[in-house]
Amino acid sequence: MASSTKSEETMDVDSEKAATKDTGGNLASGEPVADSDDKLEVKSPEAVGNGETRTKRQIKKDDSGISVEKSENSSDDDASKKQKTANGRLQEGDSSMKGSGFFPKLKSKTKSRNYRVKKGRGMGEGSSEEDESTTVESKQDSPKPGEGRSSPDSGHQESSSAPDDVEMEESGKNSAGLETAGVDSTRKRSRASESEESDTGGSEERKTEPSDSEQEEEEEEITPSVLLKQKPKHKWFVMQEVVNRQKGVSGRRQGAELFQQRCYGSLHSVQRLELMYKLEAHHGCVNALHFNNSGTLLASGSDDLSIVVWDWALGKFLVSYDSGHRSNVFQAKFLPLTGDTHIVSCGRDGQIRLAELSSTGVCRSTRRLAQHRGPAHKLAVQQETPHVFLSSGEDALIMSLDVRETKPEKLLYVKDGERKIALYSIHTNPLNNNEFCVSGRDNYVRIYDKRRVSDSTQLKKFCPRHLTNTGTFTHVTCAVFNYNGTEVLGSYNDEDIYLFDTRHPDGSEYIHRFEGHRNNATVKGISFFGPKSEYIVSGSDCGNIYFWDKETESIVQWMPGDENGVVNCLEPHPQIPVLATSGLDDDVKIWVPSCEQEPTMAGLRSAVVSNYKGREDDRQRDPDAFDGQMLWILWRHIRRTERRRM
């Protein structure tokens, strides 16, 4: 190993002397400059101009018989020597090159050159820690701009602050015959190749980086406030509640009844809801759901003009009959009479009909009780007077119907000045049958008293103040009272859900706001959940079911509720934490708190952000375009036509 090293050093010195013998002519022309015994093969000056191209040298020694070949991957030291020779910086007969101090300086310059190449290729944000350390080291080794660094052996002062190609250009101006056409073309090609590589590397990063950064920016920019609200804490613990149920508690309520109500209103029951099964008997969209007082039966109405009575616990239907309507059935409810054999219904044809069922499960007859001059969407039954119920329609008329009478009683027309308000919803105060609330095609939830409707004035009306502007086109698709009538809830079309306190003065602002869902495509219902209305539940255009905690306004449960994309009806069970839902699908879904794990609600954020973006996009469109109700009618017509063809 020692002998080979020595021979290599001797050959390097000989080659350098031979290369520097004629710096003026032969080196520029590319002709060999050596004796006949020592053959030196030097590449053309084109290779000298390229800072990254390695030279090839073949040195043959006749006296020793040892031949040494160096490939393109030769060391940085040899390449640097040839560059020094080509630039004319090494003088003939200079013996300082043989010193060992010359090589560390070349290594530092190589580091600096590599650092500049990497920087040109777009290290930037994606550089690793190793690259950063190399950068710092190269900066420390290289002198400051304008300063020279002397070699410990040669004593020459050289500047290493400029790039290699710049050095070669400056030296070429001072050296005669080095700036040839071949060198210039080689430099252009080398710079073009480097620029292509840098552009290629930069383009690959530009393809990936903007997509990630754009997603991060969108996530940072769009964060609905409902996702930041604090979640409620659990207040119901099963072990303690079971012990209290067995021991009993003092007061009017027994232990079992208190256990049932506390379990129903607990966060545990809401978060453990999952799909139990689907009730399938209809052949169209299911628009109406209603439990009887005991909760043992469930009635459903559909676009197929039929009404089905279900034993939902067993998952089968008991009675299916033709409602007698000529168009879509919008509402079907049990009258709170003994036996649960009377069902009233309304529909798009404006008819209010009564069906009488037998105890054997057969529909005896159906008859028309009243007729609206427009679609009738909702009915309101009264517990204290089970034979009497209320109806509302898009003709702005509110009627009181008694199944024992032949003619209905027209209570009033809901108006805003001289303009009639098409009504979508009506609901009765659970603790005061004289009070009822209506909502329709304007921004207000109105509360009336049956004893004071002669002058056509409402007791109170509520609307969020930011929606009272005349330019804002919104309407209330549904409004309901809570369990004791102290609060009223309104769901606004393509807006949020607002809760008002009925004990506040007329025109008071809302007390709670519930966000995240989308109510645009259909006339959606809304409901409280829990024996004391602890939660708010609503469907959405995205096909999901949303539960909000009433006090914190945070989303505590979120689950897919409709395969076709829209959930319209939500009916809570009157006694236990069970929920029935329906929408564009032809079935009824039953949800029970049987899930063993708390929900992860994966996908909630993307659904809420999507609903938010969709609402903002619709607000920027032409206000004269089709509204949600028109789109809903068109969708129903298309589905009905497809079923008829099949």
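**Exercise 1. A link between two helices**

Arg-262 has a relative accessible area of 37% and is therefore partly exposed; determine which residue meets the side chain of Arg-262 in a salt bridge, and how the two helices involved are arranged.

*Solution.* The model is predicted: local features require pLDDT of at least 70 and side-chain atom pairs pLDDT 80 or more, whereas totals for chains, interfaces and linings use all residues. Residues are numbered from 1 along each chain as its sequence is written, and side-chain values use heavy atoms, with hydrogens and water left out.

Step 1. The partner is Glu-241, at 2.9 Å from N to O. A salt bridge here is a side-chain nitrogen of Lys or Arg within 4 Å of a carboxyl oxygen of Asp or Glu. Glu-241 belongs to helix H9 (residues 238-247) and Arg-262 to helix H10 (residues 255-264), 21 residues apart. Such helices (H or I, at least four residues) and strands (E, at least two) are DSSP runs numbered from the N terminus.

Step 2. Glu-241 is buried, since its relative accessibility is 8%. The classes are buried (under 20% relative accessible area), exposed (over 50%) and partly exposed in between, with a 1.4 Å probe and protein chains only.

Step 3. The axes of H9 and H10 come within 7 Å and cross at roughly 155 degrees. H9 is therefore roughly antiparallel to H10. Axes are lines fitted to C-alpha atoms, for helices over the stretch in contact, with angles from 0 to 180 degrees between N-to-C directions; under 35 degrees counts as roughly parallel, over 145 as roughly antiparallel, 65 to 115 as roughly perpendicular and the rest as oblique.

Step 4. In the contact (heavy atoms within 4.5 Å), Glu-241, Val-242 and Arg-245 of H9 meet Gly-255, Ala-256, Phe-259 and Arg-262 of H10.

**Exercise 2. Salt bridges involving loops**

Locate the partners of Glu-563 and Glu-495, and state how accessible each glutamate is.

*Solution.* Step 1. Glu-563 pairs with Lys-278, the closest N and O atoms lying 2.9 Å apart. Glu-563 sits in the loop between strand S31 (555-560) and strand S32 (567-572), and Lys-278 in strand S5 (residues 273-280), 285 residues apart. At 65%, Glu-563 is exposed, while Lys-278, at 32%, is partly exposed.

Step 2. Glu-495 pairs with Arg-513 at 3.9 Å between the closest N and O atoms. Glu-495 lies in the loop between strand S25 (487-492) and strand S26 (497-501) and Arg-513 in strand S27 (residues 512-514), so the pair ties together parts 18 residues apart in sequence. Glu-495 is buried at 5%; Arg-513 is partly exposed at 22%.

Step 3. Both residues of this second pair belong to a network of salt bridges that includes Arg-518 and Asp-618. The whole structure holds 19 salt bridges.

**Exercise 3. The surroundings of strand S8**

Establish whether strand S8 (residues 306-311) is enclosed or open, and which strands pair with S8.

*Solution.* Step 1. As 6 of the 6 residues of S8 are buried, the strand is largely enclosed by the rest of the structure. Ser-306, Val-308 and Trp-310 occupy one side, and Ile-307, Val-309 and Asp-311 the other. In a regular strand, side chains alternate between the two faces of the sheet.

Step 2. Strand S7 (residues 298-302) joins S8 by 4 bridges, running antiparallel; pairing requires at least two DSSP bridges. Leu-298 has Trp-310 as its bridge partner.

Step 3. S8 is joined to strand S9 (residues 316-322) by 6 bridges, again antiparallel, and Val-308 stands opposite Ser-320. In the turn of this hairpin, Gly-315 has a positive phi of about 80 degrees.
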